[in-house]
Amino acid sequence: MSKGIVTRLRLSSLRLRLVVVFALVALTAAVAASGIAYWLNREAVLTRTQDGALNDFRQEMQNRAATLPLRPTQDDLRRTAELMATGSANYQVLLLGERDAGKPIVGASDPDDFTLADVPRSLREAVDTERPVTEANPYPYHLFWQRTERNGTPYLVGGTRVDGGGPAGYMFKSLAAEKADLNSLAWSLGIATALAVAGSVLLAQVAATTVLRPVHRLGEAAKQLGEGKLDTRLRVTGADELADLTRTFNSAAESLQKKVADMSAREESSRRFVADMSHELRTPLTALTAVTEVLEDEQDSLDPMIAPAVALVVSETRRLNNLVENLMEVTRFDAGTARLVLDEVDIADQITACIDARAWLDAVDLDAERGIVAPLDPRRLDVILANLIGNALKHGGSPVRVSVRTEDDELVIAVRDHGPGIPEEVLPHVFDRFYKASASRPRSDGSGLGLSIAMENALIHGGSITADNSVGEDGAVDGAVFVLRLPLDASGITREVQTRSSQGEVEEA
């Protein structure tokens with residue numbers, strides 16, 4: 001994965017979430033504050049303009065319209081409307097009177113700008129409605145107002161009637177200036193909101209960096225700890241939750257280092273015990289082996305009652321000797337002291353020699369092309385083949401087929417028998433040490449280490465062994481198949497092991 005992709009993935013995790021949360025909180029707060037500020041300013045601006053215009057209009061109605069005669073002419077209404085419109089409130093006026101009963105006349109300060117059609121019907125009905133005079137309502141006619149819009153421009157329309165049958169008057173004031181002021185305020189608040197969000201993003205980056213830097217250090221330290229660097233520790237700074245987390249990490253790392261050291265010491269002690277025990281057993285086993293060889297040579301001349309006991313001693317001594325040798329081999333692998341001694345090996349000849357040395361020629365079918373040569377360790381290859389073929393003969397019976405081929409710079413050796421196969425639950429454990437497929441058969445002729453040692457020898461070559469069942473044409477299991485894969489050139493593996501050995505870092509392959 002490239003560095004750019006890693007960076008994007010990193011930014012898309014906690015850092016991005018922190019930035020988004022900060023931005024959303026700032027946006028919500030800024031929008032709420034801007035909305036409240038805009039609403040308060042809007043109401044204040046409109047209320048101030050509206051109250052000023054309506055109060056001035058009421059005063060003009062009392063001072064001028066109330067002085068008109070009961071039956072004014074249209075010129076009287078027009079002149080009075082023009083005088084009323086010349087005030088500082090800057091609105092147009094329309095007066096509505098009657099020449100005769102049922103014959104209304106209209107006088108407007110500017111007929112081109114304000115006509116009776118601009119007055120909403122609901123407002124006219126409210127103005128014309130006479131209310132009973134009471135202690136709570138000393139005036140039969142009230143002042144009413146309404147906001148309207150014409151051609152996209154907002155207007156304030158107000159109206160009232162002079163008491164005593166006088167004319168009705170209406171005012172018409174443009175709110176375009178107030179709308180422009182409010183639009184300018186909205187833009188200012190929008191810019192302030194955008195700046196607040198941008199500032200919150202910058203603050204979020206700073207906060208995220210402050211928070212994530214120690215988290216990143218913890219992640220790197222945990223990675224080093226997982227790679228085996230158990231002495232990894234972090235410097236504790238501050239007294240916050242991250243500092244507590246760092247102390248907890250250091251404490252856990254120290255405890256883990258101590259436990260691993262204790263386990264390593266116990267494991268080393270166990271390996272040393274097995275190695276020492278195996279070494280100490282070799283001396284008496286050598287004597288026992290010599291004695292059993294003599295007894296085996298004289299077995300035909302022994303008393304028939306004693307011969308079975310002698311045969312049992314001979315077989316068990318050999319089994320014990322094989323077990324000790326296997327334990328010695330396992331301890332060398334565990335200690336990391338196993339070495340490859342490479343030589344040019346003709347694979348077909350090596351397999352033939354392995355089979356011939358153990359008298360398996362009649363029980364094994366070999367399918368190997370002559371001329372396949374590879375640099376391998378002959379002794380370790382012989383151990384692998386002997387364990388695989390011997391295991392097939394023991395559990396599957398003859399004939400065992402051994403086939404050899406090359407595949408993608410690999411040597412592939414397949415060992416197949418025609419027995420009952422390996423149970424599915426046993427397959428994952430066939431290379432485990434001392435694993436018994438059945439608890440009712442804790443003792444067998446083998447040591448329980450053969451396949452494990454074969455796998456270790458394959459691994460030290462840089463190869464592997466897999467186990468599976470062969471399935472026939474009818475779908476039934478037709479024996480087990482072990483496949484050994486080794487590199488055709490193991491010289492690189494040898495150089496790597498030797499280099500690590502010289503640096504004191506030899507590990508199990």
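## A walk through the fold

Let's start with the whole protein: of its 509 residues, 35% count as buried, where buried means under 20% relative accessible area, exposed means over 50%, and partly exposed is in between (1.4 Å probe, protein chains only). Keep in mind that this is a predicted model, so local features need pLDDT of at least 70 and side-chain atom pairs count only at pLDDT 80 or more, while totals for chains, interfaces and linings use all residues. Residues are numbered from 1 along each chain as its sequence is written, and side-chain values use heavy atoms, with hydrogens and water left out.

The protein has 10 helices and 12 strands; these are DSSP runs numbered from the N terminus, with helices being H or I of at least four residues and strands being E of at least two. Its exposed surface comes to about 29800 Å², with 55% supplied by carbon and sulfur atoms (accessible areas come from the Shrake-Rupley method with a 1.4 Å probe, and for residues only the protein chains shown count as cover). Now take contacts between residues at least 6 apart in sequence: 63% of them join residues at least 24 apart, a contact being heavy atoms within 4.5 Å.

Next, find the sheet with the order β2-β1-β5-β4-β3, an open one of 5 strands with antiparallel pairing. Two strands pair if DSSP finds at least two bridges between them. Because β2 (103–108) and β3 (144–150) each have a single partner strand, they stand at the edges, and one side of each is left without a neighbour in the sheet. On average, neighbouring strands here are turned by 25 degrees against each other, direction ignored. For angles, axes are lines fitted to C-alpha atoms, for helices over the stretch in contact, and values run from 0 to 180 degrees between N-to-C directions. Look inside this sheet and you'll see β4 (residues 153–161) joined to the antiparallel β5 (residues 168–174) by 7 bridges, with Gly-159 opposite Tyr-170 in β5.

Strand β4 also helps line the second largest pocket, as does α1 (3–63): these are the elements that give two or more residues to its lining. The largest share, 3 residues, comes from α1. Among the lining residues are Arg-58, Tyr-139, Thr-160 and Asp-163.

Over in helix α2 (residues 74–85) you can spot Arg-79. Is Arg-79 buried, exposed or partly exposed? Its relative accessibility is 41%, so Arg-79 counts as partly exposed. Arg-79 and Ala-108 sit 29 residues apart in sequence, and 8.4 Å separates their C-alpha atoms in space.

There's another open sheet of 5 strands, this one with mixed pairing and the order β7-β9-β10-β12-β11. Its edge strands, β7 (364–367) and β11 (464–471), each pair on one side only. From one strand to the next, the twist averages 20 degrees. Within it, 6 bridges join β9 (residues 400–406) to β10 (residues 410–416), and the two run antiparallel; Val-402 faces Val-415 in β10. Helix α7 (residues 347–357) packs on this sheet, touching β7, β9 and β10, and its direction makes about 175 degrees with that of β7. Helix α8 (residues 378–395) packs on the sheet too, touching β7, β9, β10, β11 and β12 (477–487), and makes about 175 degrees with the direction of β12.

Finally, helix α9 (residues 450–460) is mostly covered, with 10 of its 11 residues buried, including Leu-451, Met-455 and Glu-456. After α9 comes Gly-462, whose phi is positive, near 85 degrees.

Note on methods. 1 Å grid on protein atoms, 1.4 Å probe; cavity = no way out; pocket = protein on both sides within 12 Å on 5 of 7 lines; lining within 4 Å.
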